[in-house]
Amino acid sequence: MAKKPSERRNYEDEDMELNLTPMMNLISLLIPCLLISMVFVEIATINVTAPAIGSASDGDPPEKPDKPPLNLVITITDKGYTLAASGGVLPGVASAEGGEATGPTIPLKTSEVGCVRYVGTVPPPRAVHRTQSPCADPQAQKQFQVYDNAKLTEMLVAIKDAFPDEQRVTIAAESSVEFEALTDAMDAAREQSEEGGTKRELFPEVVLSPGLT
Amino acid sequence: MSEKQDAIPEGINELPDPSAFAAPEGGVKRKRKQRDLIKPEPLSINSLMDIMTILLVFLIKSYSSDPVTLKQTEDLKPPFSSSQLKPDPSTTMTLTLKGILVDDDPAVQIATSDGQVAESDREGGGFLISPVFTKLEAAVEHQKEIASYNASAEFKGLLTIISDRNVPFSLISQAMYTAGQAGFTKFKFLVVKGG
């Protein structure tokens, strides 16, 4: 377009800046909004098969296996783990705290527990820790009576060595047992961490039993 | 060498005319020119905009990619686990000591401190939690209806259970029994990685 002589002289000054202010407003609002709603915990899942209620069609192959199934059952009570299978119940092991042979296979043990997972609370089974003060400092170590997950893994490794094809474990629990104890037992039963960071799979198929009466 | 070099041009020792330094007659014009020179450059925010745009895209992408989102509150702290399995998109059931939610929609409240649903809300020998059953059944119906129109969105019967770590096993087994009755066959417990 033709310009007036007076405008022609100021031609260089017409280098217009894009007005980014509304855009900046929008972005500076959106970013805090998204940051707040963002979840920084990494989540995972544990696959669980339901206790067989009605739907028998799911899962099991129709042909009969040569060997009878192991039917490994871990029962969680507030006294510890009890292991049972088709052959019978594993008797209790004598523990340093004087666990009786009539008690659970793996009784609770007293040990130093890192508080990082239990800030403001106590490790399961919580019923036995009612009188104790909860963890406050995440860096602290406190004495608690806890489920002996290492021992459970150790015994399950021995069972896995004897029955290498077995994948399935049934977990039953007393009605008052916390969900956290359940997932801890599933972790202990799923895999064994070996030296060098490798993991050996033990019993990844978890079946939850409807519970003890 | 030559006379030319020695020769001093005429008038070099004379002082210049002081009037040449005086303000020109159009004083206003000159002031405006000075003001134009001092005028500050507009703040260059182009690089800032680049950063913000990249951040925005990253945030929106990570926001939409999670199939199941978890908002931890005082009442809902899932346990830690060493599991590495990724969550799948599915119906969710959230269990806390205060109540049960189906797909983030409150289904039943728990008034007692022991985490048990009131007897009046339970049927089938105390195992079936009726308000939860109604909601789960509606979710199954909804998914099956979608599956009837869209073959790729097949109904898998998968339910993700988000549970607080203090929830007792009795409530979990009741909730799972209820979900089983509503048509769910596979379950995933949501846990927090680590530990």
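**Exercise 1. Strand pairing across the two chains**

Determine in which sense strand 1 of chain A and strand 8 of chain B pair, and over how many bridges.

*Solution.* Begin with the two elements in this predicted model: strand 1 of chain A covers residues 43-49, and its pairing with strand 8 of chain B is antiparallel, extending over 7 bridges. Next, fix the register with one pair of residues, for which A:Thr45 serves, its bridge partner in strand 8 of chain B being B:Leu190.

**Exercise 2. The contact between chains A and B**

Work out how many residues each chain gives to the contact, and which element of chain B supplies the largest share of its side.

*Solution.* First take the totals: chain B contributes 47 residues and chain A contributes 38 residues. Then consider the elements of chain B that give two or more residues to the side touching chain A, which are helix 3 (46-65), strand 1 (80-81), strand 7 (158-163), helix 5 (169-182) and strand 8 (186-193). Helix 3 of chain B provides the largest share of that side, with 8 residues. Finally, sort the side of chain B that touches chain A by class, which gives 26 nonpolar, 15 polar and 6 charged residues.

**Exercise 3. The partners of strand 3 in chain A**

Identify the strands of chain A with which strand 3 pairs, through the bridges of A:Val73, A:Gly80 and A:Ala84.

*Solution.* Start with strand 2 (residues 73-77) of chain A, which pairs with strand 3 (residues 80-85) of chain A in the antiparallel sense over 5 bridges; here A:Val73 has A:Ala84 of strand 3 as its bridge partner, and the two strands form a hairpin with 2 residues between them. Continue with strand 4 (residues 88-89) of chain A, whose pairing with strand 3 is antiparallel over 2 bridges. A:Ala84 has A:Val89 of strand 4 as its bridge partner, and a hairpin joins strand 3 to strand 4 through 2 residues. Conclude with strand 5 (residues 106-107) of chain A, which is antiparallel to strand 3 over 2 bridges, with A:Pro107 in strand 5 as the bridge partner of A:Gly80.

**Exercise 4. Strand 3 of chain B and its two hairpins**

Establish which residues form the covered face of strand 3 of chain B, and trace the bridge partners of B:Val102 in strand 2 and in strand 4.

*Solution.* As a first step, separate the faces of strand 3 (residues 99-102) of chain B: B:Ile100 and B:Val102 make up the covered face, whereas B:Gly99 and B:Leu101 make up the uncovered one. As a second step, take strand 2 (residues 91-95) of chain B, which pairs with strand 3 in the antiparallel sense over 3 bridges, B:Met93 having B:Val102 as its bridge partner; a hairpin of 3 residues joins the two strands. As a third step, take strand 4 (residues 105-109) of chain B, which pairs with strand 3 in the antiparallel sense over 4 bridges, and in which B:Asp105 stands opposite B:Val102. Strand 3 and strand 4 of chain B form a hairpin with 2 residues between them, and B:Asp103 in that turn has a positive phi of about 50 degrees.

**Exercise 5. A loop residue of chain B**

Decide whether B:Ser152 counts as buried or exposed, and place this residue relative to B:Val102.

*Solution.* Locate B:Ser152 first, in the loop between helix 4 (130-149) and strand 7 of chain B. Because B:Ser152 has 5 C-beta neighbours inside 10 Å, it counts as exposed, the cut-off for that class being 12 or fewer. The C-alpha atoms of B:Ser152 and B:Val102 are 24 Å apart in space, while the two residues are 50 residues apart in sequence.

**Exercise 6. Helix packing and domains in chain A**

Describe how helix 3 and helix 4 of chain A cross, and then how domain 1 and domain 2 of chain A touch.

*Solution.* For the helices, note that the axes of helix 3 (residues 149-162) and helix 4 (residues 179-190) of chain A come within 8 Å and cross at roughly 35 degrees, and that the crossing is right-handed. The contact is made by A:Asn149, A:Leu152, A:Thr153 and A:Leu156 of helix 3 together with A:Asp184, A:Ala185, A:Ala188 and A:Ala189 of helix 4, and these residues divide into 5 nonpolar, 2 polar and 1 charged. For the domains, chain A is divided into domain 1 (69-108 + 147-213) and domain 2 (109-145), and 12 residues of domain 1 are in contact with 8 residues of domain 2. The side of domain 1 that touches domain 2 has 5 nonpolar, 2 polar and 5 charged residues.

Notes
Residues numbered from 1 in each chain as written. Chains lettered and ligands numbered in written order. Predicted model: local features only at pLDDT ≥ 70, side-chain atom pairs only at ≥ 80, totals over all residues. Domains from an automatic or database assignment. Contact = placed C-beta atoms within 7 Å. Nonpolar A, V, L, I, M, F, W, Y, C, P; charged D, E, K, R; others polar. Axes fitted to C-alpha atoms, helices over the stretch in contact; angles between N-to-C directions. Left-handed = near helix turned anticlockwise from the far one by under 90°. Pairing = 2+ DSSP bridges. Buried ≥ 20, exposed ≤ 12 C-beta atoms within 10 Å, placed from the backbone.
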